[in-house]
Amino acid sequence: MARRPHYHVYVIELSKDVLLEPRFRKSNPAYVEGQPCVYVGMTGLDPDVRFDKHKAGIQANSYVTKYGLRLLPDLYEGFNPMGYEEAQVREVEIGIDLRSAGFGVWQA
């Protein structure tokens, strides 16, 4: 019996203070001033639960722990849930699309 799709992609808005981090700035040379900065990830958990874990420092990305503000469900809700392979591909696609729009993007 096949498992039902339960993976999610998610996007977290980061504080503009993340732009002071040299690694973040270097990874986003085409960042357009005034656009949001975000973290894009994928998880087998509900995105709300995953965000809470990031903020608590549990299997967390340091930029999300320090600069994470809120989930941006308008950027990902229509895709979820999905299978693992599809989530891997969609996470990368969302990051590329947001960078193309001038966002500052971090992906683990």
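E13 is buried in this predicted model, with a relative accessible area of 19%. That value falls on the buried side because buried means under 20% relative accessible area. The side chain of E13 meets the side chain of R70 in a salt bridge, with 3.1 Å from N to O. R70 is not covered to that degree: its relative accessibility is 44%, so it counts as partly exposed. The pair joins distant parts of the chain, since E13 belongs to strand β1 (residues 8–14) and R70 to strand β3, and 57 residues separate them.

**Salt bridges**

How many salt bridges does the structure hold? There are four, and the bridge between E13 and R70 is one of them. Another is formed by the side chains of R25 and E33, at 3.3 Å from N to O. In that pair R25 counts as partly exposed, at 35% relative accessibility, while E33 counts as exposed, at 59%.

R90 and E93 form a further salt bridge, in which the closest N and O atoms are 3.4 Å apart. Both residues lie in helix α4, three residues apart, which is about one turn of the helix. R90 has a relative accessible area of 23% and is partly exposed. E93 is also partly exposed, at 34% relative accessibility.

The table sets out the three pairs described here.

| Pair | N to O distance |
|---|---|
| E13 and R70 | 3.1 Å |
| R25 and E33 | 3.3 Å |
| R90 and E93 | 3.4 Å |

**The chain as a whole**

The protein chain has four helices and four strands. Read from the N terminus, the order of its elements is β-α-β-α-α-β-α-β. The radius of gyration of the chain is 14 Å, and the globule rule gives 13 Å for 108 residues; the two are close, so the chain is as compact as a globular protein of that length. The C-alpha trace spans about 50 × 30 × 20 Å along its principal axes. Of the 108 residues, 42% count as buried.

**Loops and backbone**

Several of the residues that stand out are in loops. The loop between β3 (68–71) and α4 (84–100) contains E77, and P81 is also placed in the loop between β3 and α4. The peptide bond that joins N80 and P81 is cis, with an omega of about -10 degrees.

Q59 is in the loop between α2 (47–56) and α3 (62–67). Which sign does the phi of Q59 have, positive or negative? The phi of Q59 is positive, about 45 degrees, although this residue is not a glycine. Q59 counts as exposed, at 64% relative accessibility.

These two backbone features can be set against a general pattern. Most residues other than glycine have a negative phi, and most peptide bonds are trans. The phi of Q59 is positive, and the bond between N80 and P81 is cis.

**Charge on the surface**

A patch of negative charge is found on the surface, where D46, D48, D52, D74 and E77 gather. One member of the patch, E77, comes from the loop between β3 and α4.

**The end of the chain and its distances**

F103 lies in the loop between α4 and β4. Is F103 buried or exposed? F103 is buried, with a relative accessible area of 12%. The C-alpha atom of F103 is separated by 5.2 Å from that of Q35, although the two residues are 68 residues apart along the chain.

Q107 is in strand β4 (residues 104–107). At 23% relative accessibility, Q107 counts as partly exposed. The C-alpha atoms of Q107 and M42 are separated by 9.5 Å, and their positions lie 65 residues apart along the chain, counted as the distance apart.

Definitions and conventions
Residues are numbered from 1 along each chain as its sequence is written. This is a predicted model: local features need pLDDT of at least 70, side-chain atom pairs count only at pLDDT 80 or more; totals for chains, interfaces and linings use all residues. Side-chain values use heavy atoms; hydrogens and water are left out. Patches are made of residues with over 30% relative accessible area and no salt bridge: like charges are joined within 9 Å, nonpolar side chains (Val, Leu, Ile, Met, Phe, Trp, Tyr) within 5 Å. Accessible areas come from the Shrake-Rupley method with a 1.4 Å probe; for residues, only the protein chains shown count as cover. Lys and Arg count as positive and Asp and Glu as negative; His and the chain ends are not counted. The place of a charge is taken as NZ of Lys, CZ of Arg, CG of Asp or CD of Glu. Helices (H or I, at least four residues) and strands (E, at least two) are DSSP runs, numbered from the N terminus. The radius of gyration is taken over C-alpha atoms; the globule rule is 2.2 Å times the number of residues to the power 0.38. Buried means under 20% relative accessible area, exposed over 50%, partly exposed in between (1.4 Å probe, protein chains only).
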